[in-house]
Amino acid sequence: MAKLGHWVWRGGSPKAETADLKKVYKDLKSKGITGVFLHETEAREYEIVREEGLNLHVWMWTTNRGDGWIMENHPEWYQVSRTGKSCHDQPPYVGYYRWINPVIPEVRAYIRDKAVAIAENKAVEGVHLDYVRYPDVILPRGLWSTYKLDQTEEMAEYDFCYSEATCKAFMEAHGRDPRKIERPWADSEWIHFRHTQVTRLVKEIKAAVQAKGKQLSAAVFPTPVMARTICRQDWDKWPLDIVAPMIYHSFYEEPVSWIGDKVRENIQAVTFPVLAGLYLPGFQTPAEFEQGVKLAMHRGAAGVSLFGDLSPEMWEAFQRAAG
């Protein structure tokens, strides 16, 4: 797979001085970073990223949206669990898990319009999708203790979506009410139906941003097989230009060597470039981090995507590994 270069994830810095932002991005470029996944922010920062010679994809929250306008005007857009709880007022796990329903045409149009608004900025090369999925029906094992859960099997409270809109769409397509499926975790038709809702949304976004001459990338779960199991995310079927799987080994209580194994699995599954997403707090030492970058590149990644802050020692390790 062709080398794409190394990227970093960043939140926007609307209060920062222009000179300080220029220094930040100049420094990233000097350390071997070639691209930035930057959260939606002021256009001023987009232009600075490009002026400093870095590629820019602006990232957006996709199906997880607690937008005030939606909350106030369209509570019916929110997904509903198998226990009947709506993300509108009873979100799972954490308060910001406000998932809207890709089955609903108006929801897809709303998300698509948000992507187009990003793509219309001349400094932006691509739109980067985050939270483009259903809620986690199974959390990474490393988080079970945090939420005091045992998710060896799917739990009804975290199984989405059973809203009226979703149930109606499934009944029209398959002649069955998903609320009456006895073993929903084993019903391939019902599982696949939800996969296709997210895939359809991504295809619509792709067509819209491509019409603006821009690329589409996404942050996804570690591998297609894991993503389908964890959050109904069938990402190897998506028309992406770049994918950045979050191969966060510590979340899954796996060793650093797991990164290389998952990279290899991913590049065998897709034809578009794979950036290995690495979670910096998950590495215990700079040596571990260096090993993770080397493994990702050795197993065929087009680059790495870094999430988190790097100490001077970690930057040195990165530069040794990135070569």
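In this predicted model, eight strands form an open sheet in the order E6-E5-E4-E3-E2-E1-E8-E7, and their pairing is parallel. E6 and E7 stand at the edges with a single partner strand each, so one side of each is left without a neighbour in the sheet. Direction ignored, neighbouring strands of this sheet are turned against each other by 25 degrees on average.

The walk through the sheet can begin with E1. This strand pairs with E2 in the parallel sense over five bridges, and within that pairing Trp 7 stands opposite Gly 35 in E2. E2, which covers residues 33-39, is also joined to E3 by five bridges, and these two strands run parallel. Here Leu 38 has Val 58 in E3 as its bridge partner. The connection between the two strands passes through a helix: E2, helix H2 (residues 43-51) and E3 make a right-handed β-α-β unit.

Helix H2 includes Glu 51. The relative accessibility of Glu 51 is 54%, and the cut-off for exposed is over 50%, so Glu 51 counts as exposed. From Glu 51 to Phe 307 the C-alpha to C-alpha distance is 23 Å, while the two residues are 256 apart in sequence.

E3 spans residues 55-61, and five of its seven residues are buried, so the strand is largely enclosed by the rest of the structure. On the side away from E2 in the strand order, E3 is joined to E4 (residues 126-130) by five bridges, again with the strands running parallel. In this pairing Trp 61 stands opposite Asp 130 in E4.

At one end of the strand order comes E6, next to E5. Four bridges join E5 (residues 215-220) to E6, and the two run parallel. Ala 218 is placed opposite Val 243 in E6. As with E2 and E3, a helix takes part: E5, helix H8 (residues 224-231) and E6 make a right-handed β-α-β unit. Along E6 (residues 242-245) the residues alternate in direction, with Ile 242 and Ala 244 pointing one way and Val 243 and Pro 245 the other. All four of these residues are buried, although E6 is an edge strand of the sheet.

The empty space in the model can be taken next, starting with the enclosed part. The structure holds one cavity of 30 Å³ or more. The largest cavity contains about 50 Å³ of space. Its lining is made by Trp 9, Ala 219, Ala 244, Pro 245, Met 246, Tyr 248, Gly 277, Leu 278, Ser 305, Leu 306 and Phe 307. E6, strand E7 (275-279) and strand E8 (303-307) are the elements that give two or more residues to this lining. E8 gives the most, with three residues. By class, the cavity lining has nine nonpolar and two polar residues, and no charged ones. Two of the E6 residues described above, Ala 244 and Pro 245, are part of this lining, and they point to opposite sides of the strand.

The pockets are open spaces. The largest pocket has a volume of about 530 Å³. It is lined by 28 residues, and those closest to its centre are Tyr 97, Tyr 131, Arg 133, Met 246 and Phe 251. The elements that supply two or more residues to this lining are E3, helix H5 (144-147) and E5. By class, the lining has 23 nonpolar, two polar and three charged residues. Met 246 takes part in lining the largest cavity and also lies among the residues closest to the centre of the largest pocket.

The second largest pocket holds about 330 Å³ of space. Of the 17 residues in its lining, Trp 9, Arg 10, Leu 28, Gly 308 and Asp 309 lie nearest its centre. Strand E1 (6-10), helix H1 (18-30) and E8 each supply at least two lining residues, and H1 gives the most, with five. By class, this lining has nine nonpolar, two polar and six charged residues. Trp 9, one of the residues nearest the centre of this pocket, is also part of the lining of the largest cavity. E8 likewise contributes to both linings, giving three residues to that of the cavity and at least two to that of the second largest pocket.

Notes. Residues are numbered from 1 along each chain as its sequence is written. This is a predicted model: local features need pLDDT of at least 70, side-chain atom pairs count only at pLDDT 80 or more; totals for chains, interfaces and linings use all residues. Side-chain values use heavy atoms; hydrogens and water are left out. Buried means under 20% relative accessible area, exposed over 50%, partly exposed in between (1.4 Å probe, protein chains only). Two strands pair if DSSP finds at least two bridges between them. A crossover is right-handed if, with the strands pointing away from the viewer, the path from the first strand over the helix to the second runs clockwise. On a 1 Å grid over the protein atoms alone, a cavity is a set of points where a 1.4 Å probe fits but cannot get out, and a pocket is an open set with protein on both sides within 12 Å along at least five of seven lines; lining residues have an atom within 4 Å of a point. Grid points are joined across faces, edges and corners, and a volume is the space filled by probe spheres set on the points. Ala, Val, Leu, Ile, Met, Phe, Trp, Tyr, Cys and Pro count as nonpolar, Asp, Glu, Lys and Arg as charged, and the others, Gly among them, as polar. Axes are lines fitted to C-alpha atoms, for helices over the stretch in contact, and angles run from 0 to 180 degrees between N-to-C directions.
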